[in-house]
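Here are some worked exercises on helix packing, a cavity and backbone geometry. Try each task with the structure open before you read its solution.

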Amino acid sequence: VSTSFAPSPGGDSASQVEVRAIRVALVGNPNTGKSTLFNALTGLRQRVGNFAGVTVERVEGSMRGPGGERVTVVDVPGCYALSPASPDEEIALGVLRGTNGEPLPDVVVVVADALHLERNLYLVSQVLELGLPTVVALNQVDAAESAGVAVDAVALIHELGVPVIPTVATRGAGLDVLRRAMVSVLQQPVPSRPFTPPTEIADALTPLRDTLLQAGQAPALATHDALRLLSVPHLERWYGAAAHLIAPMVDEVRIAVAAAGYNPRSLEAELRYGWSSGVVSRTVVNHRAGARTTSDRIDAVVLHRIWGPVLFLLVMVLVFQGIFTWAQPLMDAVEWMVAQVGDAVGALLPPGDLRGLLVDGVIGGVGSVLVFLPQISLLFLCIGVLEDSGYMARAAYLMDRLMRRVGLHGKSFIPMISGFACAVPAIMSTRTIDERKDRLATIMVVPLMSCSARLPVYTLLIGAFVPPVAVLGGVFSLQSVVMLLMYLLGTVTALIVAAFFKRTLLKGPVRPMILEMPAYRWPNPRTLLQNVWHRAQMFLRRAGTVILSCSVVLWAMATYPRTTIPDGIDEARAHEMQLEHSALGHVGKVVEPLVRPLGYDWKIGVSIAASFAAREVFVSTMGTIYGVGEADETSMALRERLRTERDPATGGLRYSPLVALSLMVFYVYALMCISTVAVTVRETGGGALGWRWAGIQFVYMLALAYGAALLVYQGGRLLGYQ
Amino acid sequence: MQQVIVALIVVAAGVFLGRQVWRAVASARSATRGGCDSGCGCAPTTSSRTGSDPLTL
């Protein structure tokens, strides 16, 4: 941190302080709008959502202060108190205390929700005791006003002794004042403890406080930590092997506190809430206290014992119906464009390897994946609406009863739903789960939730082999119902596997869920579109890097070495022979015996093997293989090729709906994603242990995929399907 | 000439893919805190509470 203060004689207060660089930490309770404020201040696009636990990592951004200062803003995961129970809360504490290699912040901005000020003041009181220059951003004042809650910011300034700035981060209101306060607060005296513990408590804490001071603790923090330690249930969690050194003293203080007539475990909470309750009574007026809010009225239906789950299922069916139906015109347009580009490039270049590489490898491979961009964008739009409206937390609540039977609680369902988008951030979002074994069990099953990378595989196979007929009274199409079934299969299996882990390797008690229900609100169109655009960019980047590279390499493997084609063989057969004698063909022949029992030929076998890089590579590999194996240079949609592909030996159709179903089931279960393996290693602790958990995850999912696909194909054949 | 260009593109793609795989493995190997403590078999390789935090007596 390079903050310097150079007095300028005779200047005003602002010019007296020259600040070259300031480090600001944004902290607050979950879902108070910290990330929205961070985005508004820095111009970045950190992910935001209307539920607790969206941010699970610290993120840095920069901005210019009103006097041109370089301000580094650090957004941290939300926390209710500075006594972290979960890994994401530990990150917040690390930033505030300047531990784990973090520089100490120069300024702390506590983002407090104006509608729930009493609860938010708990954290404010703890931050004030850190002795750092502090500003309170009283956010969502518009929502509070709508709910009839008026906060007297001036009175609050007097109560807290620090600047209090009313803001509406979504609209950018109050941000200029906040920016100025973030700099000017450096000139003001550091805040002090906002309340004084009763004398008998302060006396009882003294020995513990002195020990902490001797251990190098800053005076401002010593009382704070001494108070905190009384309520910490497992000292070893904080001190490790050194816990036994301090435990006797903590026990003595607890006895002294109990003798004074207080409960040592709840002492800190009682003192702080007693104080915050007093502050709120003097600074907040609630004009509609006790009145039923709109969110309450909506929740009466959404969280109803019967209608709630029915509505949830209906929402999911609508999402998949939408993904399948509404994206189709755009997908057709992209498909047409890819075909035009392929034809144009094919016409421009002379026949040869370069044309083959560009048309069959690059355009055939990448183009076959790009077709799914509209569908993936729509999926993220739907997930964004669910997250932003506040429905995600309700879904977790609805699933709590089911999750408890499994051995987890509803909080684990939020990472699982996030897994529909991508397993990597979903696994990271398990940091919000306090209980270690629950967290690990959730990590182990999150990749079973069908992520967006599986969408191209499902869509390709459903589009090729499931007829678009209307079902369920003509409201839904069979294609979207099959798609929903694939997602349900993954979800139900995830619950069963979680139950298995919680009863074996990760046995532990089921704890009650405490989850904040955010108020319903209309999703912000700008945020939604930004999120979709960001995801679309990520998909395009992936298509332009990993998928492109895979397509190029696979094209080369499918093209070389060149084989001598005997005279008199028709062109289609000649291409097929070339493909079979290529390097890819040789690899395919090795893989084929393994996948033949599942109903797959060598082409599907190598596509599955290649998709270990990324699941979408299955589609691009099939696109490349059929591009190379294509006799003419016209671009036919991949699903048409799959539907009409004939076995040269028998003359019959090569792929059937049964093979497609077996393949989809394989992809529901198989963990074909290097990034997921890497994040599992990291989030389960890293090192040998991390690799062990990732290994267990990979192997059980592959075994499940193979077994289920085998069962589907062979079972289907036994029932008379081909 | 065409074949030289094709060979260069294929080699570049292969190198890129190799690098991606290496980066993924390296990112997993550089893992530190997962937030887990001992007890469930997922203890972090470096504890988040062994830094300069004075609470770590």
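**Exercise 1.** Work out which residues of H30(A) and H32(A) meet, and how the two helices are oriented.

*Solution.* This is a predicted model, so keep in mind that the values below are computed from it.

Step 1. On the side of H30(A), pick out Leu658(A), Val659(A), Leu661(A), Ser662(A), Val665(A), Phe666(A) and Tyr669(A). Their partners in H32(A) are Met701(A), Leu702(A), Leu704(A), Ala705(A), Tyr706(A), Ala708(A), Ala709(A), Val712(A), Tyr713(A), Gly716(A) and Arg717(A).

Step 2. Sort this contact by class: 15 residues are nonpolar, two are polar and one is charged.

Step 3. Turn to the axes of H30(A), residues 657–669, and H32(A), residues 687–718: they are 8 Å apart, at an angle of about 165°. Angles over 145 degrees count as roughly antiparallel, so H30(A) and H32(A) are roughly antiparallel to each other.

Step 4. Finish with the hand: the crossing of H30(A) past H32(A) is right-handed.

**Exercise 2.** Describe how H16(A) packs against H24(A), from the angle down to the residues.

*Solution.* Step 1. H16(A) spans residues 353–370, and its axis lies 9 Å from that of H24(A), with a packing angle of about 140°. That angle makes the pair oblique, because neither the parallel, the antiparallel nor the perpendicular range includes it.

Step 2. Here the crossing is right-handed.

Step 3. H16(A) brings Asp353(A), Gly356(A), Leu357(A), Asp360(A), Gly361(A), Val362(A), Gly365(A), Val366(A), Val369(A) and Leu370(A) to the contact. Facing them in H24(A) are Phe539(A), Leu540(A), Ala543(A), Ile547(A), Leu548(A), Ser551(A), Val552(A) and Trp555(A).

Step 4. The class count for H16(A) with H24(A) is 12 nonpolar, four polar and two charged residues.

**Exercise 3.** Do the analysis again for H14(A) and H23(A).

*Solution.* Step 1. The axes of H14(A), residues 307–325, and H23(A), residues 478–503, come within 9 Å and cross at roughly 125°. These two helices are therefore oblique to each other, and their crossing is right-handed.

Step 2. From H14(A), the contact takes Met316(A), Val317(A), Phe320(A), Gln321(A) and Phe324(A); from H23(A), it takes Gln479(A), Ser480(A), Met483(A), Leu484(A) and Tyr487(A).

Step 3. Seven of the residues in this contact are nonpolar and three are polar, with no charged residues.

**Exercise 4.** Find the second largest cavity and say which helix gives the most to its lining.

*Solution.* Step 1. Six cavities of 30 Å³ or more are present in the structure, and the second largest has a volume of about 90 Å³.

Step 2. Its lining consists of Arg47(A), Phe380(A), Ile383(A), Glu387(A), Ser418(A), Ala421(A), Cys422(A), Pro425(A), Ala426(A), Asn531(A) and Arg535(A).

Step 3. Helices H17 (373–389), H20 (423–428) and H24 (525–559) of chain A each give two or more residues to this lining. H17(A) gives the most, with three residues.

Step 4. By class, the lining has six nonpolar, two polar and three charged residues.

**Exercise 5.** Locate Pro561(A) and Asn31(A), and describe the backbone there.

*Solution.* Step 1. Recall the usual picture: most residues other than glycine have a negative phi, and most peptide bonds are trans.

Step 2. Pro561(A) sits in the loop between H24 and helix H25 (571–581) of chain A. The bond joining Tyr560(A) to Pro561(A) is cis, with omega about -10°.

Step 3. Asn31(A) belongs to the loop between strand E1 (21–28) and helix H2 (34–42) of chain A. Although Asn31(A) is not a glycine, its phi is positive, at about 60°.

Terms used. Residues are numbered from 1 along each chain as its sequence is written. Chains are lettered from A and ligands numbered from 1 in the order in which they are written. This is a predicted model: local features need pLDDT of at least 70, side-chain atom pairs count only at pLDDT 80 or more; totals for chains, interfaces and linings use all residues. Side-chain values use heavy atoms; hydrogens and water are left out. On a 1 Å grid over the protein atoms alone, a cavity is a set of points where a 1.4 Å probe fits but cannot get out, and a pocket is an open set with protein on both sides within 12 Å along at least five of seven lines; lining residues have an atom within 4 Å of a point. Grid points are joined across faces, edges and corners, and a volume is the space filled by probe spheres set on the points. Helices (H or I, at least four residues) and strands (E, at least two) are DSSP runs, numbered from the N terminus. Ala, Val, Leu, Ile, Met, Phe, Trp, Tyr, Cys and Pro count as nonpolar, Asp, Glu, Lys and Arg as charged, and the others, Gly among them, as polar. Axes are lines fitted to C-alpha atoms, for helices over the stretch in contact, and angles run from 0 to 180 degrees between N-to-C directions. Angles under 35 degrees count as roughly parallel, over 145 as roughly antiparallel, 65 to 115 as roughly perpendicular and the rest as oblique. A crossing is left-handed if the near helix is turned anticlockwise from the far one by less than a right angle, and right-handed if clockwise. Contact means heavy atoms within 4.5 Å.
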